[in-house]
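Got your viewer open and a selection box ready? Let's walk through this one stop by stop.

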Amino acid sequence: MLTSNDFSGLLNRRFFDNLLPIPARSSLQLGDKAPDFELTDVASGRQVRLSDYVGETGTDSEWNRPVVLAFTRIFTEKQYCPLCFPHIQAMNQAYEQFRSRGVEVLMITSTDIRQSKIVLQDLGLKMPLLSDPSCKTFRTYQLGQSLGAPLPAQFVLDAAGRLKFQHLFSFLVPNASPAQLLKVVDEL
């Protein structure tokens, strides 16, 4: 479970690559097609692409559905961002509300597979957790970074993969709430 005084595993290459602050500056505009990516689904170990879920190339019509991309900030399997930890829990609690609306939630973390498996189990995550230890997807979406980890953000995509909503990190509102994201989904 969450251990506030165990910093083992924190000082790694990812930490130093993300140490200097870079503000979030996503150039995506509403209506833009979201950049595709391929990441490992931590639970299944399989590679998944955003295009498996949205757009005309979805591999299964069941998967052509709106998607919420929830980029989150986790330092290690024992150190969660204090601004993101409550958001992760809230998104997990609201997951069935998204699914009942035909929406998939993909939570994306920069922790490696080993750390991500512990996070998945520790938090009992129901939604897919995708691992991006190189932070390539975080950088593609231009989410910024600070103090050893990329910054959080949330995006709502329609079934065609077009951006309908984005929330980039700020200290005033670090994450879009599940209620706010569900409201956007209901307007699709």
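**Stop one: a charged pair**

Start by selecting Arg-99, which is partly exposed at 28% relative accessibility (buried is under 20% relative accessible area, exposed over 50%, partly exposed in between, with a 1.4 Å probe and protein chains only). Before going on, note that this is a predicted model, where local features need pLDDT of at least 70, side-chain atom pairs count only at pLDDT 80 or more, and totals for chains, interfaces and linings use all residues. Residues are numbered from 1 along each chain as its sequence is written, and side-chain values use heavy atoms, with hydrogens and water left out.

Now add Glu-104: Arg-99 forms a salt bridge with Glu-104, and the closest N and O atoms are 3.1 Å apart. (A salt bridge here is a side-chain nitrogen of Lys or Arg within 4 Å of a carboxyl oxygen of Asp or Glu.) Is Glu-104 buried or exposed? Glu-104 is buried, with a relative accessible area of 3%.

**Stop two: more salt bridges**

Next, pick Asp-186 and Arg-101, whose side chains meet in a salt bridge at 2.6 Å, N to O. Asp-186 sits in helix H5 and Arg-101 in the loop between H2 and S6, so this pair ties together parts 85 residues apart in sequence. (Helices, H or I with at least four residues, and strands, E with at least two, are DSSP runs numbered from the N terminus.) Asp-186 is partly exposed at 47%, and Arg-101 is partly exposed at 36%.

Then jump to Arg-49 and Asp-36, another salt bridge, at 2.8 Å from N to O. Arg-49 belongs to strand S2 (residues 47–49) and Asp-36 to the loop between helix H1 (13–17) and strand S1 (38–41), so the pair ties together parts 13 residues apart in sequence. Add Glu-38 to the selection: Asp-36, Glu-38 and Arg-49 are linked in a network of salt bridges. The structure holds 5 salt bridges.

**Stop three: the nonpolar cores**

Switch to the hydrophobic side chains. (A nonpolar core is a set of buried Ala, Val, Leu, Ile, Met, Phe, Trp, Tyr and Cys residues joined through side-chain atoms within 4.5 Å.) The largest one has 27 residues, and Val-68, Met-91, Phe-98, Leu-125 and Leu-181 have the most contacts inside it. Elements giving it two or more residues are S3, helix H2 (85–100), strand S6 (104–109), helix H3 (113–123) and helix H5 (178–186). Which element gives the largest share of this core? That's H2, with 6 residues.

A second, separate core has 22 residues, including Leu-50, Val-54, Leu-106 and Phe-138.

**Stop four: a loop threonine**

Select Thr-72, in the loop between strand S3 (67–71) and strand S4 (74–76). Thr-72 is buried, at 2% relative accessible area. Leaving aside neighbours within four places in sequence, its contacts (heavy atoms within 4.5 Å) include Cys-84, Ile-88, Met-107 and Phe-138.

**Stop five: the rings**

Finish with the 6 aromatic pairs. (Rings of Phe, Tyr and Trp, the last by its six-membered ring, pair if their centres lie within 6.5 Å; planes under 30 degrees apart count as stacked, over 60 as edge-to-face and the rest as tilted.) Phe-71 and Phe-155 are edge-to-face, 5.9 Å centre to centre with 80° between the planes. Phe-71 is in strand S3 and Phe-155 in strand S10 (residues 153–157), so the pair ties together parts 84 residues apart in sequence. Both Phe-71 and Phe-155 are buried. Widen the selection to see the cluster that ring pairs build from Phe-37, Phe-71, Phe-138, Tyr-141 and Phe-155.
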